[in-house]
Structure formats: C-alpha cells, structure tokens
Amino acid sequence: MKILIIGGGPGGYVSAIRAAQLGADVTLIEKKYIGGTCLNVGCIPTKVLLNTVDLYDTLMKDGSALGIDFEKLAVNWDTLQNRKNNIVSDLVGGVEKLLEADAVKVLRGTGKLTQKNKAEVTLLDGSVEEVTFDKAILATGSKVTIVPIPGIDTEGILTSDEILSLEELPESLCIVGGGVIGSEFASVFSRLGVDVTIVEMLPRIIATMEETLTQYLDYSLKDSGVKILTETKVTKFGKNGDHIDIHIDSAEGKSILNAEKVLLSIGRRPVVEGLGLEALNIDQKNGIAINEMMQTSAENIYAIGDCTGGVMLAHVASAQGIAAVENIMTINSKMDFKTIPYCVYTKPEIASVGMTEADAKEKNIDYKVGSFPLSGSGKAMILNEGEGLVKFIISSETEEILGMHMVGPKATELIVEGALALRLEATVDEIVTTIHAHPTMSESVQEAAHDVFKQAIHLMY
Amino acid sequence: MGQIIVMPKLGLTMTKGNLIKWFKKEGDVIKKGEKIFSVETDKLTNDIEAACSGILRKIIVESGTREILEPVAIIADKDEDISELLSKASVSEDTNKVVEKEEVKKEVKEEKKSSNNNKRVKASPKAKRLAKKEGIDIRLVDGSGPGGVINEEDVLEFIENMKKEAEKKVKTSPTADKIAENLGVDVNNISKEDRVMKDDVIEYWNFERVQEMASPKETTKDMSTMRKIIADRMHSSQQVTASVNYNLSVDTTEMQNLRKQLKPFYKITYTDILVKILSKVLLEYPELNATMSGQKIITRNYVNMGIAVAKEEGLLVPVVKYANVKGIKGISKEIKSLAKKAKINSLEPDEMQGATFTISNLGMYGMESFTPIINHPEVAILGVNTIKDVAHKIDGELKFKPMMNLSLTADHRVVDGSKAAEFLNRLKEYIENPSILVL
C-alpha cells in the first residue's frame, strides 16, 4: 500500500507514523515546516509564552503573599523568544527523527494531485517530482482568515503567526476577534504590561463555550487591564504615524481606537488552493467534504484536520488521521467526536468536553447540573487560584455524563476525566465512587459530581 | 499470550453459528487479520479473521453448530503452556452441554436418562441429600472424590456454576445498564464481543418492540400428498430439462371478434380457442409435442392438451385427449367438464395422464409475463397472459390494440431456439388470423 500524505502538521505526521506502523509505504510532502501550524506557530509556541507569563504574573501580583520577595523582576523578551524557538526546534527535530525511524519518505515542497493515483511535487529548489500512490491523505491545514476591511494591509496589522516573533513588545495592542486565539494572546500581552483592547462582534468573548466559564476569563482579563468591546465591528484601519487607527462601530456609535499593533484573530479557513481538487472533482465547500471514514468524494483520496473545515484542533486532526489510515489499512475505524476536549490556555484555563447546558436545552434533553466552586478546594487555595468551578451536565433519565466543563487551574489537564467518562458512557456514580487523590484539583471534579445529588461534602446545602 | 477463539456474534439476533470450515489446521502460523474459519448462520456465511497472531494450537470445534462466544480454538505462542486455556475452554464447554441438554428433544432426553440409569452413581449420603434438597439431578455432577465419588463440595460447586451461568453478564457501560433497567431490557440477551453501549441497548429494545408487534410465529405442517407430488415434479423438471423462456406479444383483435361472432351459437373462452389453435400448430412442429426417452425422441401425430387448473390445495393438469381432431365446441365442453371435476376432486387418474403439451393461463390474474415450468416428460409449455391495450403507431396515428403476451418454455435438449421462435410466430399468425382454422 503506497500512501501519500500532503501536509506535515499534527494531522499529517501522525497519519504518516500510524500508516508506517501498519506497514504502508509512506511519502509525506511538507512545504514549510514539519509539525505544521500547531508545533511551529500555534499550540506549542503560544503555550511557551503563556507559561512564562503565568510565572511572571503570579510573582508580580502575589509574590510577596506567596512568600517570595524579590528586588527586580522582569521578563527578558529575547530570552523568552529563544526558549520558544528552542522548544519548537527540539520538538520538530523529534518528529523528524520519528518519521525517519519509521522510514517515512519526506519531500520538502508543494504537492498537487494530478490524476487519480498521481501527484506532482514542486520541491523547494523548483524541480518537479512525480509521485504515484494508492491512497492519498490531504492534511493541508488552515490559515488565518483575512477579511476585506478597508486598510487591512496597513503595516503593523499582524496575524497570529507574525505576532509570535515580534522582536519587542508593543506598547499597545488591539485584538480583532475575541475567540480562543484572541483571548489567549490578550492573556499573554496584557500581563506583560501591554495595553490590550479586544474588539469582538459577538456579545461575549469565546462565545462557543459556556458563559458560566467564560465570565471568569472576562473578569480576569479586565482585571489585567484588558478593554473588551463586544458587539463591536471594525469598519476601517488607517495609518497614524507609527500607530494604527482602528475605526469601530457599535450600538454606542462610531469611534476610533489607536494602537501600536493590531492582531487579526477572527478565525481560520481551510487551505484548499493549488491541491488539484478540481481536476479530480473533489467536492469542497468551506473545506474538503469528507464522510465518516474521512474519505473525500474521490474514493482513494482522504482528507483530515483543518482543511476539512470542521473542528480546527490539533488533537482532532491527529484522531482523524489515525482513523483515515486505519480505514485505508482495512481496520474499520470511526472517530467519536463527542469526546473532543476544547481547551483555552488563558489564566484561568478553560476546558470543556461534551454538551453544554445550551446544547442540552436545544436538544430538549432532560438534564441535571452539578457544580463545585474552586473556592472550596484546598489545592486551589494553595495554588492561590481559588476562582473557578467544575460543572457537570448529566442526563436526568440515566444519570449519564453528557458534558464536563471547568474553569480554573489545571482545567486543560483535568478535562480528560470528563472525556473518558463520555467515552465509557459513565454515569455520575462512576465519578463519585472513584477515589480522587487529596490534595489535588481533581477532588473538585468528584465534588461537582457529588453536587448533582446535593451531596458534595464540602458544600453547605 | 494465548487466546481462546470463540464463535463470533455476527448479528444482533445471532445466538448460534455453524462452523463449516477451517482454513487453517493445528500447528499453522496465524497472522492477525487472516481468515481462519468460516461460519454459517441462517442468513449468511462469513469468513472469520484472526484477532491476534500466533500458532493455531488447538481446534476445539472441528465443525458443527455452537452457541456464540463458545470456544472453538486456541491461538497461542509456539511453546506456550495452554493447559489453563484448555481447561477454561472445556469448562465452558461442559456448562454449555448442560444448557444444550435442556433444549434437546424428548426422545434424546429419555435416551440419556435410560443410559444414565444404567450407570450407578457413586455419591456420599451428604451429597445425595443436598442434591435432593436443591432439586439437582446428581447424575449431572462430576465427582472429585476417590474413584469418582461425588461429595458435598462437588454438588455445591455445581450449584455455584449453575448460578454463575444463569447470571452470566455481558460487559456493559454504566449508562447502558441504566437504560436497560429503564427499558426493561435484559442485557444478557445482547451478545456483543466488546462492551455493550447504550446504543446497543436501544437498538435491541427497538428490535424487541418490532418483534413484539410482529409477534412472529412459524407453523409447520406435513405436506399433502398432492403438494409432495407437485414439489417433486417441478423440482425434477427444473433439474432435468434445459429450459429456455420465449416471449412474444400478439394482437388479439381477431380472436376477440371470433369469440363475439360465435357467442350467439356457443360461448367459448380464449383458452378454448388457444387449445384449438395449439393443437393445429403443434402438429406442424412435432418437436414441441414430443417426449425425450433416453437417447430417443418420441413424436406423435396427435395432441393431448394438458390444461393447468388451479385449486386451493394445488395444481391439477387434466388432459383433453386428441384435441387435434376435436372442434372448438367439443374442446370447450370437455375443458369445462374436466375443470369442474378437478374442483370437486372427481377426476379419474386416466383423465390426468397422457398429455403431450400443457397450457397454463394466468391472464385472469393480470399477469403480463411468467416462466412456466415444463410438465416433464413433455418438452414445452405455453403460458398465457392478460390482454392489455397497447398503443401502436399506424399510418402516423396512435391506435390501441388488445395485446397478449405468450410465454413459452421449451426444453433446449429437444427444441432449439429458432424452432421455438418459429412455433411462437406461427401461433401468432393463427391468433391474429383465426379464420385460417377453417382452411
């Protein structure tokens, strides 16, 4: 079995390794960097910044309360940038070694499907190589959406890729789009002393997640000095000296903001251009159309990850990649989308899996809620982060866990307990009767489950 | 690690499967995903793939029907000790035997009893007392004492095993359990190789509801003698003859006119006319009025026309003897009388013998075409269909004609295609111009 994979991000490289494990002859085409957006300009580098900012912010704000006195505390932006670059190159190198160990042939260039079983690769040196394959997996990812706002190409308007490698911190930053990416950058820059404004069209930031969770973030960002303008549209950008004027429009009328840099984070769109989809009549509309086997409308071509326009998360792309490869190698494999965890790495962290209360209402499901505020958690107090909560949505009929949501320290790590519960169709009882270690944040998960029956030990009813 | 291979569950309702073939023999190297054996259910035959790699160390079931999840083989490494797996497999084999015993029909049970009665059961008084109290047939208990004596512990173990068997639980997700409880589904009825999830319970419940609504019932009764004869003859005809079907559409305008014209004198049916025409044409085509006997072909200078008559209990074929020398009126009278006799079961055996060709009319049921089965040892049969108005383009205009389809089945061993086609065309000629009859 000869498998061609176009795109070396978390979808593509995971597919390549899984295919090699199953005995396929694998060729991987990557035009820029192995690891894709995730490893190079997404998940990993942003979290490196967030980690340092967290430490810095904690010490600045609460250092003396925590018993640490210091004389001079400062973030060395250059060192931080170097650390970020080193971590990225270590990880990319690691993936490259894994691919090499699995005998995956890696071609550096741009792939394009030409026939049912043929593709041509324009290598970085400009030469063209032809590759034949039995099956192909498209994993070309996504790129930042650029909307046609007048003045969008004004100097100083950055995408998430570019803002990661700023040589020095700006004095002010306007973030257009208050989704997950926008909020994470707001969390980084505001705590480094940058004057940050978020402009969001919807009524609240990260509108895809439960408001009970996002309100904690809203509060925390504002506490760090972030101005959040909701239900506000950007109508125009304009150059103003070495700053940018941002013309906005809201119910309160039109006005002009001014910032040194602007970050565009209004979303990402699938990369489908130049892939040769038209030649093979592969359907695409807001992404490459796939069935539950990850197959496109061309029977031997599969597509996974961001380029399919679905849930744009690295771990979804990887899971889809594994499913696609297993289907190719005759293991019947489907992906269970209900166990996808959604994580926001701000301070406080937000994580969510399964149904929200709004989902349950919309689907007319008779549900119950159990929640536990972190103010009652010893470990949260030790971490000096007692603000947050854990919340379960469960079916009234069967007590099946339908969703778990959390805001607070380690939320992104703890959410997997909810994902596992969903995967195993666990009921509240399984969470309640599983012993959770003390003192840990995970106790709060157990207590939230207890609260479904109003039986949490550390709550007064 | 060694693994017991079980009879797989291939469908929601499958409870047993018939192992029909092994692709591998003991000692063969098995690769994961390789076909190892074939299982037949009442619906389909499936080749089963190995779920793990290793050596096929032991085939427990060579062939035959087994309940699902019952061990059929053991796959393990080359030198691995499989004695534990073997005993595990045979234990469940024994318990299954017990289950089976309950299902086996009376005769077998009685047979067992008598043979068991002959064997003296050696058991301690305590064991006997306990067995009696618990209502257990002590003959089913294996003795572990010296010389196979059954002691109290053996009986207790037997009871324990019975209980375990009764409570045999499938693996379920907690939500599946709750839903099963709410819906009143016994999850043990759902057999699945991996965990039973909530969707499985709901699917099974839906299946049960459908089954409840349908309340399926099968009735078995002995075939009547008539049915047996029909079954035998139809089946043997299909096996012996090389039958080919031919269809031709004919215009019945003139045949209808003939019927109208004769009406004031005598009321005849289309079948009457067709029998008359057939009797003429068959003499022109003796191959279709023949019988094959060994390597010889018997032809005749007469036509005995078999007329298929439907009865509630089955089909009868009374015979109009020497139809070729009879007039339409005579034929008509005779068919009426034969049909009447057929309906009241008073046909003489002689009246159902000696046919040289058969006609079968399903036109009254609106049939447009069918493939009749030759009444062996005859070599051909004509199926008659309904008359339907069909538009024809005549001189640039659409005109409707009453068309009828003739469905001929002929035995190619005697009748070649061209001959059958010629015969049908000659029939058409007669049907479309019945006045030829007077020539």
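This passage walks through chain B of a predicted model, from its overall make-up to one sheet, one helix, one proline and the contact with chain A.

Chain B runs to 439 residues, and 29% of them count as buried. Its secondary structure comes to eleven helices and 18 strands. Looking at contacts in chain B with a separation of 6 or more, 58% of them link residues 24 or more positions apart.

Turning to the sheet, four strands of chain B line up in the order S5-S4-S2-S7, an open arrangement with antiparallel pairing. Strand S5 (45-49) and strand S7 (64-67) of chain B sit at the edges, each pairing on one side only. On average, neighbouring strands of this sheet are turned by 40° against each other, direction ignored. Strand S2 (residues 16-22) of chain B meets S7(B) through four bridges, in the antiparallel sense. One residue pair can be picked out here: B:Lys16 has B:Glu67 in S7(B) as its bridge partner.

Helix H10 (residues 328-343) of chain B comes next. Its 16 residues should span 22 Å at 1.5 Å a residue, and the end C-alpha atoms are indeed 22 Å apart, so expectation and model agree. The buried residues of H10(B) are B:Ile328, B:Ile331, B:Ser332, B:Glu334, B:Ile335, B:Leu338 and B:Ala342. What do these buried residues of H10(B) pack against? The partners are helix H9 (270-284) together with strand S12 (305-307), strand S13 (309-310), strand S14 (315-316) and strand S15 (319-320), again in chain B. After H10(B) comes B:Asn345, with a positive phi near 60°.

The loop between S14 and S15 of chain B holds B:Pro318. Is this proline, B:Pro318, buried or exposed? B:Pro318 counts as buried because it has 23 C-beta neighbours inside 10 Å, where the cut-off for buried is 20 or more. Among the residues B:Pro318 touches, leaving aside those up to four places away in sequence, are B:Leu338 and B:Ala342, both of them listed among the buried residues of H10(B). The other contacts counted this way are B:Ile307, B:Val309, B:Leu347, B:Glu351 and B:Met352. B:Ala308 lies ten residues from B:Pro318 in sequence, with 7.0 Å between their C-alpha atoms.

Last comes the contact with the other chain, made by nine residues from chain B and ten residues from chain A. On the chain B side, helix H5 (residues 174-183) gives the most, with six residues. By type, the chain B residues touching chain A split into four nonpolar, three polar and two charged.

Note on methods
Residues numbered from 1 in each chain as written. Chains lettered and ligands numbered in written order. Predicted model: local features only at pLDDT ≥ 70, side-chain atom pairs only at ≥ 80, totals over all residues. Pairing = 2+ DSSP bridges. Helix = DSSP H or I, 4+ residues; strand = E, 2+ residues; numbered from the N terminus. Axes fitted to C-alpha atoms, helices over the stretch in contact; angles between N-to-C directions. Buried ≥ 20, exposed ≤ 12 C-beta atoms within 10 Å, placed from the backbone. Contact = placed C-beta atoms within 7 Å. Nonpolar A, V, L, I, M, F, W, Y, C, P; charged D, E, K, R; others polar. Expected span 1.5 Å × (residues − 1).
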